[in-house]
Amino acid sequence: MKTLTLQPINKTISVKTDTKVLDTLLASQCEVAMACGGMGLCATCHVFVVKGEESLTPRTEREIRTLGTITGATARSRLSCQARIIGDGVVVELPEGMYLQDIEDLRVLVGKRAEVPILHPRDGRVLIERGKIITKSRILELEGEDFDMSKLAASAS
């Protein structure tokens, strides 16, 4: 068994060797959207490796391509659907924010302030900053955005 620690909730979990980081996040009831179905095509399972990069499988070509498109990606970034735990002591941190899955997710929030940053599922960029009021005009601006991850997944097959 190996250990994975989730930040900022400071929860350490024992996992079997070769377990995907994503599976551990989901089992821990972390809200990971997994918009592309775990195919490594979107930003919704993006995590930062705080410690133990050497205890994860190497990045795949697909992961490297996708990370190259994610706005908030750093040298510590991994897609949790692609990273498998092969050693002990991995610590990951989830990016702050809520990934937008559909423009309808925002329509119900018109007139309210965003409690967390609202992030684009494909590239992780901040669409609406924390504390900003979600307006109808902002939704109209975003209607042209492509949030259909199923089309993206189909084109990659």
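This is a short conversation about reading the sheets and the largest pocket of a predicted model.

Student: Let's begin with the sheet of five strands. In what order do the strands lie?

Tutor: Reading a sheet means going from strand to neighbouring strand across it. Here the order is S2-S1-S7-S4-S5, the sheet is open, and the pairing is mixed.

Student: Which strands stand at the edges of this sheet, and why is one side of each left without a neighbour?

Tutor: Strand S2 (11-15) and S5 stand there; each has a single partner strand, so one side of each has no neighbour in the sheet. You can also look at how the strands are turned: neighbouring strands of this sheet are at 35° to each other on average, with direction ignored.

Student: How many bridges join S4 to S5, and in which sense do they run?

Tutor: Strand S4 (residues 46-51) and strand S5 (residues 77-79) run antiparallel and are joined by three bridges. To find the place in the model, look for His46, which stands opposite Leu79 in S5.

Student: And how does S4 pair with S7?

Tutor: S4 and strand S7 (residues 90-93) run antiparallel too, with three bridges between them. Look for Phe48 here: its bridge partner in S7 is Glu93.

Student: Where do side chains point along a strand?

Tutor: In a regular strand they alternate between the two faces of the sheet.

Student: Now the sheet of three strands. What is its order?

Tutor: The order is S8-S9-S10, in an open sheet with mixed pairing. Strand S8 (98-99) and strand S10 (126-128) are at the edges with a single partner strand each, so one side of each lacks a neighbour in the sheet. Strand S9 (residues 118-119) pairs with S10 in the antiparallel sense over two bridges, and Leu119 has Val126 in S10 as its bridge partner.

Student: Finally, how many residues line the largest pocket, and which lie nearest its centre?

Tutor: For a pocket, ask about its space and its lining. The largest pocket holds about 410 Å³ of space. Its lining has 16 residues, with Glu31, Val32, Leu94, Pro95 and Gly97 nearest the centre.

Student: How does that lining divide into nonpolar, polar and charged residues?

Tutor: Eleven are nonpolar, four are polar and one is charged.

Note on methods
Residues numbered from 1 in each chain as written. Predicted model: local features only at pLDDT ≥ 70, side-chain atom pairs only at ≥ 80, totals over all residues. Heavy atoms only, no water. 1 Å grid on protein atoms, 1.4 Å probe; cavity = no way out; pocket = protein on both sides within 12 Å on 5 of 7 lines; lining within 4 Å. Points joined across faces, edges and corners; volume = space filled by probe spheres on them. Nonpolar A, V, L, I, M, F, W, Y, C, P; charged D, E, K, R; others polar. Pairing = 2+ DSSP bridges. Helix = DSSP H or I, 4+ residues; strand = E, 2+ residues; numbered from the N terminus. Axes fitted to C-alpha atoms, helices over the stretch in contact; angles between N-to-C directions.
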